[in-house]
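Student: Let us go through this model by question and answer. Where should we begin?

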Amino acid sequence: MQSKILNPRDIEFILYEMLDVESLTAWPRFAEHGRETFDAALAAAEKIATDKFAPHNRKADLNEPTFDGKRVSMIPEVAEALREFNSAGFLSSTQDFDDDGMQLPWTVAQTCLAWFNAANVSTAAYPFLSIANANLIRAFGSDDQKARYLPGLSSGRFCGTMCLSETQAGSSLSDIRCTAVKQADGSYRLRGSKMWISAGDHELSENIVHLVLARIEGAPAGVKGISLFIVPKFRVGEDGATGERNEVALAGLNHKMGFRGTTNCVLNFGEGEGAWGELIGQPNRGLACMFHMMNEARIGVGLGAAVLGYTGYLHALAYARERPQGRHPGAKDPAQAQIPIIEHADVRRMLLAQKAAAEGALALCLICARLVDEQHNPADDASADARLLLEVLTPIAKAWPSEFCLEANSLAIQVHGGYGYTREFPVEQFYRDNRLNPIHEGTNGIQGIDLLGRKVGMLDGAAIQMLAREIHATIRQATACNSDELQSCGKELLESLDRVMEVTRDLLCVIERDESELALANSSAYLNLVGHTVIAWVWLRQGLVAVKHLGPDTPDDRDFYQGKLQACAYFFRWELPKTKHWFDLLHNLDATTLEMQDAWF
Ligand SMILES: Cc1cc2nc3c(=O)[nH]c(=O)nc-3n(C[C@H](O)[C@H](O)[C@H](O)COP(=O)(O)OP(=O)(O)OC[C@H]3O[C@@H](n4cnc5c(N)ncnc54)[C@H](O)[C@@H]3O)c2cc1C
C-alpha cells in the first residue's frame, strides 16, 4: 500500500535524479557514504515515522499537554517515539563520526526529518528544537559549554528551546525587555518573561536547555544591545551531571489551534534572586548568533509546511480514489454505478493543485538544503555562490510552502467534502497544524520585507542576479530539450523572470530615493511574484528530469514521470500567470493599502 505520509518514489526522484546527492560522496566529508547508507537512513526514518510517530498524531491532538501547577503531563506515546528517534541517532545525523554522529549531508538529514514532520509534526517539534539549540551551542559556545551541554542534547538526555519572543516583542525583537545582570563570578542573573516558548516545559528529558535573548544592564537600545544566554532548567555541573533547580518557572500553557502535542509556554525567568545564566558568544551579539542559524531554521519551517501539504494531498488522493459520488457529465442514468470522485475533472484540479504545491515546495526546500551542503564544498567559489543564493531563497523557502501548502491543506478538506470538515478524517488537523507556519520563525509579512528590503539589495543585487543566472541556465536547457511543452514553459519562465528583474530594479530605486515605505507597502505581492517564479523554475527542473527519463526503458515509471510533467504543465498554465497581476501592482507602485486610513475601516 502506498504511504500516505510521503511518497518514497518522489523522494528518490528529488534526491538522486534531480539533486544528485550521491555526487556529495566525492567530498572528503562524505567519502564514507554512498547510496546504500543514505537509503538506510531514509528507510529508518520512514519506519520510525510510520510505526511510532504517525499512530499517535490524532491522540496527541485530542489530548494536549496539561499543567497541574507542578508538572506537565502528556500522552506516553510521545516519549516512546522520541526514545526510538534518539536511539536511531537522528539527533546527531549531521554531526561528525568522532562525535558519534552519522555525518550525513544536510540534504539527506532534512529528508529524514521530513518523514517525522509529515507523520506527526507536534512530536517532531521537540527534537527539531533540540537540534537547532545544539547547533547554536556548537557554533558559538566555549569549549567548556560544548562539553557540558552537547552530549546531553545529542543523546536526548536534555532537550532545547529557543526563547526569543516576549508579549510586546514578536516581530520586533528590538523591543526585548528581559534583562541580565553580570555577577562577580562571570555568570549572569536573568529576569523577565518569555512568551510562546515551544517545548518550554515537559518531562520528556532530565533537563531543558533554554537559549534566551536578553539585555545586559547598560546595553545599547535596540537590536545592538541584545545578548544570548544559556539558561538551563537545572544547573549543569562540570561533568555534565544535572544539579540544582534554576529559577525558570512555567507561568502557563498556551492552548493552540494546532501543533497541540507540543507544549507552548509562558516562562518566567528569575522570580527570586534571578535565573542563573551564562553568556554564549559576544555581549550584544545575540541576534547575530540567532540569525546565523536562522537560514537553516527557516528552511526547516518551509520543509515542515511542505510535508504537511504533502501528507494532506496523499490522504485526499486516497480518498478520491475510493469515494463514489455522481456520474460523468452526460451520464444521467441513475441505474449506472456511481464513479469515484477522482473521475471528476474538478476533483482532479484540486488534486493537481495540491500535487504542484506540495511536490514543488518539497523540491525547493531540498534544493536549499543542498545549498547548505554546498557551503562545505571544498571549492571556495562554489561555497560562496551557495551562500549568496541561499540569502535570497531562504525567505521564499519559508514563506511559499507555508502559504501555498496551507492552501493545499484546505483543498484536501474540500476533496473530502463534508467529511473533511469533521474530526473523522485527519485533513482538518493537517490544516490546523500547518496554520502556524506562516506565523512563526518570522511571519510571512516579515519575510516579504526581508526579501525586498534587505536580501535583493545586498551587495548591489548580487544574490538576485545569481538566482537569475541559475534560472537562465534551466531555461537554456528547456530551449534545447525535445519537448515542445517544456520549451514553451521555458519561454514563459523567461518572461516572468524578466518581470521580476525589472520590478526589482524599479523598487530598489524607490528605496534608494528614501521612499521605502512606498516600495515596501506591497512586499507581500513581491514575495508572491518571486516565489511563484522560483517554484515555476523548480517545476521546469523537475520536468526536464522527467523528460530525460521518460523513455521505452522505463515502462514501470512512465506514470510517475507523466505525473511530474502534468503537474509542471498545471503550474505553468494555472499558477504562473498570476505573477502578471502581482507585477502590475508593484510596477504601478500601487498605494491602495498605504493610503487606506484607520478611520475608514
Ligand atoms: C505556536 C507558536 C509557537 C511559537 N514558538 C516560539 C518559540 O519556540 N520561541 C520563540 O521565541 N517564539 C515562538 N513563537 C513566537 C512567534 O515567533 C511569534 O508569534 C511571531 O514572531 C509573531 O510575533 P507576534 O505573535 O507578537 O505577532 P506580531 O509581531 O504582533 O504581528 C502581528 C501581525 O502584524 C504584522 N507585523 C508586525 N510587525 C510588522 C511590520 N514591521 N511590518 C509589517 N507587518 C508587521 C505581522 O506580520 C503579523 O501579521 C511561537 C508562536 C506560536 C504561535
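Student: Which residues lie nearest the centre of the second largest pocket?

Tutor: Keep in mind that this is a predicted model. The second largest pocket holds about 480 Å³ of space. Its lining has 19 residues. Nearest its centre lie Tyr-313, Leu-317, Arg-321, Lys-355 and Gly-563.

Student: Which elements give two or more residues to the lining of the second largest pocket?

Tutor: By class, that lining has eight nonpolar, five polar and six charged residues. The elements that give two or more residues to the lining are helix H8 (286–322), helix H9 (345–374) and helix H17 (558–575).

Student: How many aromatic pairs are there, and what is the geometry of Phe-90 and Phe-116?

Tutor: The count of aromatic pairs is 16. For Phe-90 and Phe-116, the ring centres are 5.3 Å apart and the angle between the planes is 65°. An angle over 60 degrees counts as edge-to-face. The pair Phe-90 and Phe-116 is edge-to-face.

Student: Where in the chain do Phe-90 and Phe-116 sit, and how many residues apart are they?

Tutor: Phe-90 is in the loop between helix H4 (76–87) and helix H5 (106–119). Phe-116 is in helix H5. The pair links distant parts of the chain, with the two residues 26 residues apart.

Student: Are Phe-90 and Phe-116 buried or exposed, and which residues form the aromatic cluster with them?

Tutor: Phe-90 and Phe-116 are both buried. They belong to one aromatic cluster, completed by Phe-53 and Phe-85.

Student: Why is the pair Tyr-310 and Tyr-313 edge-to-face?

Tutor: Both residues lie in helix H8, three residues apart, about one turn of the helix. Their ring centres are 6.3 Å apart. Their planes stand at 65°, so the pair is edge-to-face.

Student: What is the relative accessible area of Tyr-310 and of Tyr-313?

Tutor: Buried means under 20%. Both residues are buried. The value for Tyr-310 is 1%, and for Tyr-313 it is 7%.

Student: Which rings have Arg-9 and Arg-35 over their faces?

Tutor: Arg-9 lies at 4.4 Å from the ring centre of Phe-560. Arg-35 lies at 3.6 Å from its ring centre, that of Tyr-16. The rings are Phe-560 for Arg-9 and Tyr-16 for Arg-35.

Student: What span should helix H6 (residues 121–140) have?

Tutor: Helix H6 has 20 residues, and 15 of them are buried. At 1.5 Å a residue, the expected span agrees with the distance between its end C-alpha atoms. That span is 28 Å.

Definitions and conventions:
Residues are numbered from 1 along each chain as its sequence is written. This is a predicted model: local features need pLDDT of at least 70, side-chain atom pairs count only at pLDDT 80 or more; totals for chains, interfaces and linings use all residues. Side-chain values use heavy atoms; hydrogens and water are left out. On a 1 Å grid over the protein atoms alone, a cavity is a set of points where a 1.4 Å probe fits but cannot get out, and a pocket is an open set with protein on both sides within 12 Å along at least five of seven lines; lining residues have an atom within 4 Å of a point. Grid points are joined across faces, edges and corners, and a volume is the space filled by probe spheres set on the points. Helices (H or I, at least four residues) and strands (E, at least two) are DSSP runs, numbered from the N terminus. Ala, Val, Leu, Ile, Met, Phe, Trp, Tyr, Cys and Pro count as nonpolar, Asp, Glu, Lys and Arg as charged, and the others, Gly among them, as polar. Rings of Phe, Tyr and Trp (its six-membered ring) pair if their centres lie within 6.5 Å; planes under 30 degrees apart count as stacked, over 60 as edge-to-face and the rest as tilted. Buried means under 20% relative accessible area, exposed over 50%, partly exposed in between (1.4 Å probe, protein chains only). A charge sits over a ring if NZ of Lys or CZ of Arg is within 6 Å of the ring centre and within 35 degrees of the ring normal. The expected span of a helix is 1.5 Å times one less than its number of residues.
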